[in-house]
Structures are given as C-alpha cells and as structure tokens.
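Here are a few notes to read alongside the structure. I've stuck to the charged pairs and one surface patch.

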Amino acid sequence: MPTRFPLSSGDRFFPAPFLRAVVAERLGIEPDEMPGDHSPMLAHPKDVAERLEAYRAAL
C-alpha cells in the first residue's frame, strides 16, 4: 500500500521542517505539502478532500 503524508505548511504545533525530517526518517518519503495550519480539515476541507480523493484514485 503506498504511503502518503499530507503536511500542513503553516502548522505551528508540528512545524514543517520538523515533520519533513520525521517523515523522511521514519517513512522514507517526502511529505505532500499543502496550505493550512494544525487542523487543515477545518480550515481547508475542500483541499483536504480533493487531495485524499487524488490519493485514492492513484491506487
């Protein structure tokens, strides 16, 4: 199963540089960056839904 990691670029709780390093180290992939903060599903629900649908369609 392909692994993806949508990373919110404006998250101040888990900053993007920190998550990029964690994702690279633990998953061995580059995160898929998107606009948003700690809760992108609340601030950008359409963007999140479109991204998740694109992941599903790529299977």
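Is Asp32 buried, partly exposed or exposed? Asp32 has a relative accessible area of 25%, so it counts as partly exposed. Keep in mind that this is a predicted model.

1. Let's stay with Asp32 for a moment. Its side chain meets that of Arg51 in a salt bridge, 2.9 Å from N to O. Arg51 sits in helix α3 (residues 45-57) and Asp32 in strand β2, so the pair ties together parts 19 residues apart in sequence. Arg51, at 21% relative accessibility, is partly exposed.

2. Strand β2 (residues 32-34) also holds Glu33, which pairs with Arg20 of helix α1, 13 residues away. The closest N and O atoms of this Arg20–Glu33 salt bridge are 2.6 Å apart. Arg20 is partly exposed at 35% relative accessibility, and Glu33 is partly exposed with a relative accessible area of 35%.

3. Helix α3 has a salt bridge within it too: Arg56 and Glu53 are three residues apart there, about one helical turn. Their side chains meet at 2.6 Å, N to O. Glu53 comes out partly exposed, at 40% relative accessibility. In case you're tallying, a search of the whole structure gives four salt bridges, and those described here are among them.

4. Now for something without charge. Phe13, Phe14 and Phe18 make up a nonpolar surface patch, together offering about 330 Å² of accessible area. Phe13 belongs to the loop between β1 (6-8) and α1 (16-27). With a relative accessible area of 61%, Phe13 is exposed.

Notes. Residues are numbered from 1 along each chain as its sequence is written. This is a predicted model: local features need pLDDT of at least 70, side-chain atom pairs count only at pLDDT 80 or more; totals for chains, interfaces and linings use all residues. Side-chain values use heavy atoms; hydrogens and water are left out. Patches are made of residues with over 30% relative accessible area and no salt bridge: like charges are joined within 9 Å, nonpolar side chains (Val, Leu, Ile, Met, Phe, Trp, Tyr) within 5 Å. Accessible areas come from the Shrake-Rupley method with a 1.4 Å probe; for residues, only the protein chains shown count as cover. Helices (H or I, at least four residues) and strands (E, at least two) are DSSP runs, numbered from the N terminus. Buried means under 20% relative accessible area, exposed over 50%, partly exposed in between (1.4 Å probe, protein chains only).
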